[in-house]
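Reader: Let us go through the packing step by step. Please keep the answers short.

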Amino acid sequence: MRTVDVLGIPFIYTTQKDFVDLLVERAERQEKTFVVTANPEVVMKAKEDQEFNGYLQKATYITPDGIGVVKGAQILGDPLPERVTGYDSMVAILKKANERKQSIYLLGASPETIELTVTNIRRDYHDVTVAGYHHGFFDWDSSEIADDIKVKQPDYIFVALGVPRQEKWISSNLPHFEKGVFMGVGGSFDVIAG
Ligand code: UDP
């Protein structure tokens, strides 16, 4: 997979549509995947914070989440096709998961928001199985959530803890899992909850 370097971050060279198709294929093939959708704030944080940079090193794919990264690539002379955002990817995956009757797990946001998010997804995507979910204010020393995901084996795990918590949670828990497409999606649950 071709990548474009922007300030040390290797961004996948793809369109939003092709990227979602790739993730759906990887879910079907049960290939464990870690997606970071990186906006300029993420790029700057990776430069300044070695620990955070270490989380990104574990990513399977890093996408340009924001016009700032796409513009940056253009200025640096190696353009990227377009933005590939966490929210747009999540919504497109929900549509595909609905057609394929795949399963999801949701981690993050407040207890009220996660309940509303699950309700709205179940209403709008009847054939998506919400295998499990948990709000984003939990004990990081407990393996309860990772254990739950391990048992339920969802196809996609959307993690909405904000930056850098979502990248930290996914990268540190990834070795526990055998399959699953894990993606940090920032404030997306708040949008879906309405
Ligand atoms: N969040 C969470 N746990 C935390 C902190 C934040 O689940 O410990 C949630 C928050 O409720 C929101 C989401 O993470 O739904 C995104 O938060 P924020 O807007 O701060 O992140 P950003 O979108 O800027 O990355």
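Author: Some terms come up at once. Two residues are in contact if their C-beta atoms, placed from the backbone, lie within 7 Å. The model is predicted: local features need pLDDT of at least 70, side-chain atom pairs count only at pLDDT 80 or more, and totals for chains, interfaces and linings use all residues. Residue numbers run from 1 along each chain as its sequence is written.

Reader: Leaving aside neighbours within four places in sequence, which residues does Ile170 contact?
Author: Ile170 is found in helix α8. Helices (H or I, at least four residues) and strands (E, at least two) are DSSP runs, numbered from the N terminus. Beyond its sequence neighbours within four places, the partners of Ile170 are Phe34, Val159, Phe182 and Gly184.

Reader: Is Ile170 buried or exposed?
Author: The test counts other C-beta atoms within 10 Å of a residue's own: 20 or more is buried, 12 or fewer exposed, and in between partly exposed. Ile170 has 24 such atoms, so Ile170 is buried.

Reader: What distance separates the C-alpha atoms of Ile170 and Phe182?
Author: Along the chain, Ile170 and Phe182 are twelve residues apart. Their C-alpha separation is 7.0 Å.

Reader: Which residues have the most contacts inside the largest nonpolar core?
Author: A nonpolar core is a set of buried Ala, Val, Leu, Ile, Met, Phe, Trp, Tyr and Cys residues joined through C-beta atoms within 7 Å. The largest one here has 55 residues. Its best-connected members are Phe11, Ile62, Phe158 and Val159.

Reader: Leaving aside neighbours within four places in sequence, what does Phe158 contact?
Author: Phe158 is among the core residues with the most contacts. Outside its neighbours within four places, its partners are Met90, Ile104, Leu106, Met183 and Val185.

Reader: How are α3 and α8 oriented to each other?
Author: Axes are lines fitted to C-alpha atoms, for helices over the stretch in contact, and angles run from 0 to 180 degrees between N-to-C directions. α3 (residues 50-57) and α8 (residues 165-173) pack at about 55°, with axes 9 Å apart. Angles under 35 degrees count as roughly parallel, over 145 as roughly antiparallel, 65 to 115 as roughly perpendicular, and the rest as oblique. The two helices, α3 and α8, are therefore oblique.

Reader: Which residues of α8 meet Phe52, Tyr55 and Leu56 of α3?
Author: The crossing of α3 and α8 is left-handed; that term applies if the near helix is turned anticlockwise from the far one by less than a right angle, and right-handed if clockwise. On the α8 side, the residues met are Glu167, Lys168 and Ser171.

Reader: At what angle do α1 and α5 cross?
Author: α1 covers residues 16-28 and α5 residues 86-100. Their axes come within 10 Å, and the crossing angle is roughly 55°.

Reader: Which residues of α5 make the contact with α1?
Author: α1 passes α5 in a right-handed crossing. From α1 come Gln16, Phe19, Val20, Leu23 and Val24. From α5 come Asp88, Ser89, Ala92, Ile93 and Lys96.

Reader: Which peptide bond is cis, with omega near 5°?
Author: Look at the loop between β7 (156-160) and α8, where Pro164 sits. The cis bond runs from Val163 to Pro164.

Reader: Where does Leu7 lie?
Author: Leu7 is not a glycine, yet its phi is positive, near 50°. Leu7 is partly exposed, with 13 other C-beta atoms within 10 Å. Its place is the loop between β1 (3-6) and β2 (9-12).
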